[in-house]
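User: Could you walk me through the ligand site and the empty spaces of this protein? I would like to hear the reasoning behind each term.
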Amino acid sequence: MASKRRGDLLETLPNGLSGQRPKGAQLQEILEDFVATLEPGTPLPGEMLIKKRLKVARGTVTQAIDELVAKGLIYRVERSGTYVAERKLRQPGTLTSFSEDMRAQGMTPGSIVLDQEVVTASLIIARQLEVEPGTPVVHLQRVRTADGEPMALERSHLPAPRFPGLEEVDLTDTSLYETLGRRWGVQVASAEQWFSAIRPTDAEATQLGVSPDQPALLFQRVTRDPAGRVIEFARSLYRGDRYEVHTQLRRPEGPPEEPAALTPEPGALST
Ligand code: 16G
């Protein structure tokens, strides 16, 4: 498909729309299905060609294309046209390492270490690591890459007394979790993770190689060993244009739980 010319591709689109549903919605659905059959990097037929083929107004085509760009399915290149975007990688809702996730998707994981030093735990870090504020902790900041391309920016804090010398270990292109197992016999057993969408700072956007306007996914994770002791508090900023979160959902067994209390938790957002 990748080698097909823009004009040839056009012939795989229907020759007009049905009169029943709004044209914009129909066109968007058709283009979304069309893009799903194409390889990343494939150039899409120009707006004028799509307009003629489907017999719709130019504005309707532009709007449908804009929607696909906003969804991250295609991207525009100035004075060239629109192209099919890379497929999104999955951040699985499982306790795996970045290296394992990338290998599972057929990519080679890598790391560029930006900072690795012992610092004292701030209030927030201490609370998450369940240590006293001021306790020495190893701060690790890494750009995580897949096949050499930046995918995430990770800041981890680990209790320094538990991992003596961690600040000296060369973690370039090396898995942290594997290192903790190999050097200190510590296994990752469970974790709590929460995430939200944020705008990266200019510096973060530069490190990730994206525009600061591109939303990113901030994951925060507290990881524990089999005895339940906290071994890491990580804040990982994943590229929003290359990642989606994937979780398996199952209906809870038994009767539905009682509705939650009406009083919000302290600090909860009010609506
Ligand atoms: C994941 C974890 C991060 C952990 C890293 C270890 C999330 C959001 N974060 O990226 O907490 O430090 O894996 O990966 O999943 P590594 O063993 O490849 O260094």
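**Ligand site and cavities**

Analyst: Happy to. This is a predicted model, and a good place to begin is that the ligand takes up the space of the largest cavity.

User: What makes that space a cavity and not a pocket?

Analyst: A cavity is a set of grid points where a 1.4 Å probe fits but cannot get out, whereas a pocket is an open set. The space taken by the ligand is the largest cavity, and its volume is about 210 Å³. Of its 20 lining residues, Phe98, Glu154, Tyr177, Arg221 and Ser236 are closest to the centre.

User: How many cavities of 30 Å³ or more are there?

Analyst: The count is one.

User: Which element gives the most to the lining of the largest cavity?

Analyst: That is S9, with four residues. The elements giving two or more residues to this lining are H5, S5, H7, S8 and S9. By class, the lining has six nonpolar, eight polar and six charged residues.

User: How do you know which residues are around the ligand?

Analyst: The test is a heavy atom within 4 Å of the ligand. There are 18 residues around the ligand, and Ser99, Glu154, Ser175, Arg221 and Glu232 come nearest. They divide into six nonpolar, seven polar and five charged residues. S9 supplies the largest share of this shell, four residues.

User: Why does the pair between Ser175 and the ligand count as a polar contact?

Analyst: A polar contact needs a pair of N or O atoms within 3.5 Å. A polar side-chain atom of Ser175 is 2.5 Å from an oxygen atom of the ligand, so this pair meets the cut-off.

User: What about the side chains of Glu232 and Ser236?

Analyst: An N or O atom in the side chain of Glu232 lies 2.6 Å from an oxygen atom of the ligand. For Ser236, a side-chain N or O atom lies 3.3 Å from a nitrogen atom of the ligand. Both distances are within 3.5 Å, so these pairs are polar contacts as well.

User: How much of the ligand's accessible area does the protein cover?

Analyst: The protein covers 100% of the 450 Å² that the ligand has on its own.

User: And what is the volume of the largest pocket, and which residues are closest to its centre?

Analyst: Its volume is about 180 Å³. Among its 15 lining residues, Gly72, Tyr75, Ala85, Glu86 and Asp241 are the closest to the centre. Strand S1 (residues 74-77) gives the largest share of the lining, three residues. By class, the lining of the largest pocket has six nonpolar, three polar and six charged residues.

Conventions:
Residues are numbered from 1 along each chain as its sequence is written. This is a predicted model: local features need pLDDT of at least 70, side-chain atom pairs count only at pLDDT 80 or more; totals for chains, interfaces and linings use all residues. Side-chain values use heavy atoms; hydrogens and water are left out. A polar contact is a pair of N or O atoms within 3.5 Å; within protein, one must be able to donate a hydrogen and the other to accept it, and residues adjacent in sequence count only if both atoms are side-chain atoms. Accessible areas come from the Shrake-Rupley method with a 1.4 Å probe; for residues, only the protein chains shown count as cover. On a 1 Å grid over the protein atoms alone, a cavity is a set of points where a 1.4 Å probe fits but cannot get out, and a pocket is an open set with protein on both sides within 12 Å along at least five of seven lines; lining residues have an atom within 4 Å of a point. A molecule sits in a cavity or pocket if more than half of its atoms lie within 2 Å of its grid points. Ala, Val, Leu, Ile, Met, Phe, Trp, Tyr, Cys and Pro count as nonpolar, Asp, Glu, Lys and Arg as charged, and the others, Gly among them, as polar. Grid points are joined across faces, edges and corners, and a volume is the space filled by probe spheres set on the points.
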